[in-house]
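User: Please take a close look at a single part of this model, and set it against the chain as a whole in one connected account.

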Amino acid sequence: MTRRVLVMVLGLVCLLAGVASAGVQRLYVLDCGRNIGKDQARWSPGVNEGKPIEFSDNCYLIRHDRGLLLWDTGVPDAVAAMPDGMVVANGAITYRRARTLAGQLTELGVKPADVTYLAVSHTHGDHVGNVALFASSTVLIQGAEYDWAMAGPNKPAFGPSATITRLAGDHDVFGDGSVTILSTPGHTPGHQSLLVRLPKTGYVVLSGDAVHFRDNWDHKRVPAMNVNREQTLASLQRIQGVLDERRAQLWINHDKPQSDGLRYAPAYYE
Ligand SMILES: [Zn+2]
């Protein structure tokens, strides 16, 4: 082997090693509140009528070698200072928060300005409660969701200098296939979920509110408040296809029993 060929081979090996180590480094699960529903049947028509249900509400911070992505922002941080929580939806739901999102990011050494991308599964109040904190981030949201939210009574308070990127379908966030926004409409017009490839954990789908808890997933139930039933069912089928294809885990954001089994920050998944 000539010296020149040896240098070329070594260069190729280094390049391949670099490619192999690139991608998602860590995924942190953050406690972004609790939703206490008075009546589970709001989400599961005809099932467990009149029974209360408690939802977890998570945010997820993904550290990639090309930047930070925050997925959802939970209920407003101000709720942490409200001893009785915040009552919404005409008394049907009470938000609670044990810890602020800002405080959890600080613990991780992350400032809001460090967050490259802010992506929201959708624009309901338990997901966009702290979007104003990320004044300089690039917001990744479906155009259909943005238009719907901005035409409604509860406009999300995106920072005035935030860059809004209007998506129209799936989106490869970092350009390497490791973090992909999946278009999963139905709960709202531009609802989206997130597919993450972790080097050790493997593929994980973060549900957003495509489904709210395990029993609804198992029975493919559609909450009455969803904007489109057929789209919801198609999105559930799509997620099932992704789980099968990627051998992925489904992390259902509001499923408290499942969330109770996850490692929260400062622990992380790799
Ligand atoms: Zn929700």
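Analyst: Two residues are in contact if their C-beta atoms, placed from the backbone, lie within 7 Å. On that basis, residues 24 or more positions apart account for 66% of the contacts in the protein chain with a separation of 6 or more. The model is predicted, so local features need a pLDDT of at least 70 and side-chain atom pairs count only at 80 or more, while totals for chains, interfaces and linings use all residues. Residues are numbered from 1 along each chain as its sequence is written.

The chain has 6 helices and 13 strands (DSSP runs numbered from the N terminus, H or I of at least four residues for helices, E of at least two for strands). Its radius of gyration, 20 Å, is close to the 18 Å that the globule rule gives for 270 residues, so the chain is as compact as a globular protein of that length (the radius is taken over C-alpha atoms, and the rule is 2.2 Å times the number of residues to the power 0.38). Along the principal axes, the C-alpha atoms fill a box of roughly 80 × 35 × 35 Å. Of the 270 residues, 40% count as buried, that is, with 20 or more other C-beta atoms within 10 Å of their own, against 12 or fewer for exposed and partly exposed in between, the C-beta atoms being placed from the backbone.

The part chosen for the close look is strand β2. This strand, residues 53-64, is mostly covered, with 10 of its 12 residues buried. It runs antiparallel to β1 (residues 24-37), to which 11 bridges join it (strands pair if DSSP finds at least two bridges between them), and Val29 has Tyr60 in β2 as its bridge partner. β2 is also joined to β3 (residues 67-71) by 5 bridges, again antiparallel, and these two strands form a hairpin with 2 residues between them. Within that pairing, Arg63 has Leu68 in β3 as its bridge partner.

The loop that follows β3 and leads to β4 (86-88) holds Pro76, which counts as buried because 23 C-beta neighbours lie inside 10 Å. Pro76 is 44 residues from Cys32 in sequence, yet their C-alpha atoms are 8.5 Å apart. Apart from neighbours within four places in sequence, Pro76 is in contact with Gly129 and Asn130.

Tyr95, in strand β5 (residues 93-96), is likewise buried, because it has 24 C-beta neighbours inside 10 Å. Beyond its neighbours within four places in sequence, Tyr95 has contacts that include Gly33, Asn35, Val75 and Val79.

For the wider setting, an open sheet elsewhere in the chain contains 5 strands in the order β9-β10-β11-β12-β13, with mixed pairing. Its edge strands, which each pair on one side only, are β9 (171-172) and β13 (249-251). Helix α5 (residues 229-246) packs on this sheet, touching β10 (179-183), β11, β12 and β13, and its direction makes about 170° with that of β12 (axes are lines fitted to C-alpha atoms, for helices over the stretch in contact, and angles run from 0 to 180 degrees between N-to-C directions). In the same sheet, β11 (residues 192-198) and β12 (residues 202-206) run antiparallel and are joined by 5 bridges, with Arg197 opposite Tyr203 in β12.
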